[in-house]
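Thank you for making time for this at the group meeting. I would like to walk through one structure with you, starting from a single residue and working outwards, so please have a look at it first.

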Amino acid sequence: MDRVIPTALKPGAEFVGRVHLATPARLDGTLEGEVTAVGQLWIGPTACIRARVHAPEIIIEGRIEGELHATRRLELLSTARVIADLVTPSLSLHEGAVLQGQCRAGDSSQSP
């Protein structure tokens with residue numbers, strides 16, 4: 001059974017500033033600034049985000065530019081267009097996704 005993620009920013013909506021999301025959330029509009037989430041953050045297919053993003057889990061279908069820091073996992077679905085620097089212990093990149101930027105994935109404490 002799929003869990004329903006509430007939409008925090010609907011398609012067509014625009015926001016500039018700092019956002020803190022206290023529950024899992026979905027962004028489908030345009031956002032510029034900073035996003036901090038304590039739960040799963042879903043970037044929908046109509047989203048256009050230019051931001052520094054920090055969340056435990058980030059799933060991307062849309063377009064995002066900036067810095068992404070996922071403390072658990074980061075998943076780029078086939079429609080994702082990402083121009084960003086990424087930091088995450090677990091990265092999943094689906095066929096068709098576009099990723100430009102620097103990426104640090106995996107447990108850095110296990111490096112030689």
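If we set aside the neighbours within four places in sequence, Leu41 is in contact with Leu21, Ala25, Leu27, Val35, Val53, Ala55, Glu57, Ile58 and Ile59. I should say at once that this is a predicted model, and that every value I quote has been computed from it. Leu41 itself is found in strand 5, and is it buried or exposed? Its relative accessibility is 0%, and therefore Leu41 counts as buried, since the cut-off for that is under 20%. To give one distance from this residue, the C-alpha atoms of Leu41 and Ala55 are separated by 6.7 Å, although the two are 14 residues apart along the chain.

One of the contacts of Leu41 is Leu21, so let us move there. Leu21 is found in strand 2, and with a relative accessible area of 11% it is buried as well. Beyond its neighbours within four places in sequence, Leu21 is in contact with Ala8, Val35, Thr36, Ala37, Val38 and Leu41, and you may notice that Val35 is listed among the contacts of Leu41 too. For a longer step through the model, take Leu21 and Glu75, which are 54 residues apart along the chain and whose C-alpha atoms are separated by 19 Å.

Now to the nonpolar core. In soluble globular proteins, nonpolar side chains tend to be buried together. In this model the largest nonpolar core has 27 residues, and those touching the most other members are Leu41, Ile58, Ile60, Leu68 and Val82. Which elements give two or more residues to this core? They are strand 2 (14-21), strand 3 (25-27), strand 4 (30-37), strand 5 (41-43), strand 6 (48-60), strand 7 (63-76) and strand 8 (81-88). Strand 6 gives the most, with six residues.

Following strand 6 to its end brings us to a loop. Gly62 has its place in the loop between strand 6 and strand 7, and at 4% relative accessibility this glycine counts as buried. Not counting residues up to four places away in sequence, Gly62 touches Ile43, Gly44, Pro45, Ala47, Thr79, Ala80 and Arg81. The C-alpha atoms of Gly62 and Glu95, which are 33 residues apart along the chain, are separated by 14 Å.

As a contrast, consider Leu99, which is found in strand 10 (residues 98-100). Leu99 has a relative accessible area of 28%, and because that value lies between the cut-offs of 20% and 50%, the residue is partly exposed. Its contacts, again leaving aside neighbours within four places in sequence, are Leu76, Val82, Ala84 and Leu86, and Val82 is one of the residues that touch the most other members of the core. Between Leu99 and Ala70, 29 residues apart along the chain, the C-alpha separation is 15 Å.

Let me finish with the protein as a whole. What does its secondary structure come to? There are zero helices and eleven strands, and the pattern along the sequence accordingly reads β-β-β-β-β-β-β-β-β-β-β. Along its principal axes, the C-alpha trace spans about 45 × 35 × 25 Å. A compact globule with 112 residues would have a radius of gyration near 13 Å, and the 13 Å of this protein agrees with that.

Of the 112 residues, 37% are buried, while the protein exposes about 6,500 Å², of which carbon and sulfur atoms supply 50%. As for contacts between residues at least 6 apart in sequence, 2% join residues at least 24 apart. Finally, there are 11 positive and 13 negative charges, and their mean positions are 3 Å apart.

Note on methods
Residues numbered from 1 in each chain as written. Predicted model: local features only at pLDDT ≥ 70, side-chain atom pairs only at ≥ 80, totals over all residues. Heavy atoms only, no water. Helix = DSSP H or I, 4+ residues; strand = E, 2+ residues; numbered from the N terminus. Rg over C-alpha atoms; globule rule 2.2 N^0.38 Å. Buried < 20%, exposed > 50% of the residue type's maximum accessible area, 1.4 Å probe, protein only. Contact = heavy atoms within 4.5 Å. Areas by Shrake-Rupley, 256 points an atom, 1.4 Å probe, with all protein chains shown as cover. Lys, Arg positive; Asp, Glu negative; His and termini not counted. Charge placed at Lys NZ, Arg CZ, Asp CG, Glu CD. Core = buried A, V, L, I, M, F, W, Y, C linked by side-chain atoms within 4.5 Å.
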